[in-house]
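Biologist: I would like a close look at a single part of this model, with the cut-offs behind each term spelled out as you go.

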Amino acid sequence: MRLLATVAAHLRKHIKTTPSTSSSCRCPPLVSFLRSMCNTGSAAKERQLQIGSDAVHFVEAGQGDRGIILLPGALGTAWTDFKPQIERLPALLPQYRLIAWDPPGYGKSRPPDKEFPVDFYERDATAAGTLMQKLGFERYSILGWSDGGITGLILAANQQKQVDRLVIWGSNSYISDTEAKIYEDIRDVQKWSARMREPMEKVYGVDHFPKLWAAWVDGLIRIYHERKGDICNEKLKHIKAPTLVVHGAKDPMIIPDHVPYLLNNIKNSDLHVFPDGKHNIHLRYADEFNNIVAKFLRDHRT
């Protein structure tokens, strides 16, 4: 569920916040050595593995023996949604190997295109767990953004022994009446700014992107009607992994009620708020976000 300026007016804004600062990686121009120290993207490798009937594409970065899987948002891919994490997190977490995937039916994990039955999040969670198992990780951590956070919640609940740590942001476990209306409002991508459409048009094509996005909206509305908006509420109590909820206080895609709901229903959970953050805090405040995640994973090593 991506950040769309057109929906900002639909949501209330309330949550207590603590001051935070943002930092950025400033590499002197034309100094290739210093730039390489700040950007390790050249070390990333792209691979595919067969998961059931799907050839799943993923990006692998880092040399550690601990695993982290990065789960992107709606229609998102490893590179559209996690470029700053793929390039910079390995330097902060040398003991980890990052796996950033294109979920089945998205990006380079096509054909076929994704379908959106009411259990599509559960299907993604199963595929993500199988991917990490096939890569040899007995235990691993999860970073999940937006839709990927929902997938991460389900995966952490279903595979308690395998999931070590969980970080989610921009995610929800149910669809409110307000959000159902928002999804309908953002169905027509021609109402989006060109800047918002461009990344997805590059991946899916100008003509095909609107069709796939409309199918995603239909999937969410289907959950809203057939499950009364319940995406994974019952899963939350089964999550045992220490969980960090990161929240942008000005996120227009998530009603504020979701944050306390997650914290109250996930036993071992904590919160970090970006007071001025919106939906894409891991991109807008990449270095600060990466440092927060790295500290959380280091402080909770087993």
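In what order do the eight strands of the open sheet lie, and is the pairing parallel, antiparallel or mixed? Please then dwell on strand 5 and its surroundings.

Modeller: This is a predicted model, in which local features need pLDDT of at least 70 and side-chain atom pairs count only at pLDDT 80 or more, while totals for chains, interfaces and linings use all residues. Residues are numbered from 1 along each chain as its sequence is written, and side-chain values use heavy atoms, with hydrogens and water left out.

The eight strands form an open sheet in the order 1-2-4-3-5-6-7-8, with mixed pairing; strands are DSSP runs of E with at least two residues, helices are runs of H or I with at least four residues, and both are numbered from the N terminus. Two strands count as paired if DSSP finds at least two bridges between them. The edges are strand 1 (45-51) and strand 8 (269-274), each of which pairs on one side only. Direction ignored, neighbouring strands of the sheet are turned by 20° against each other on average, where axes are lines fitted to C-alpha atoms, for helices over the stretch in contact, and angles run from 0 to 180 degrees between N-to-C directions.

Turning to strand 5, six of its six residues are buried, so this strand is largely enclosed by the rest of the structure; buried means under 20% relative accessible area, exposed over 50% and partly exposed in between, with a 1.4 Å probe and protein chains only. Tyr140, Ile142 and Gly144 point one way from strand 5, whereas Ser141, Leu143 and Trp145 point the other way.

On one of its pairings, strand 5 runs parallel to strand 3, joined by five bridges, and there Leu71 stands opposite Gly144. Strand 5 also pairs in the parallel sense with strand 6, again over five bridges, and the partner of Gly144 in strand 6 is Ile168.

The connection from strand 5 through helix 4 (residues 147-158) to strand 6 makes a right-handed β-α-β unit, right-handed meaning that, with the strands pointing away from the viewer, the path from the first strand over the helix to the second runs clockwise.

Helix 3 (residues 120-134) packs on the sheet and touches strand 5 (140-145), together with strand 1, strand 2 (54-61), strand 3 (66-71) and strand 4 (96-101), contact being heavy atoms within 4.5 Å. The direction of helix 3 makes about 115° with that of strand 1.
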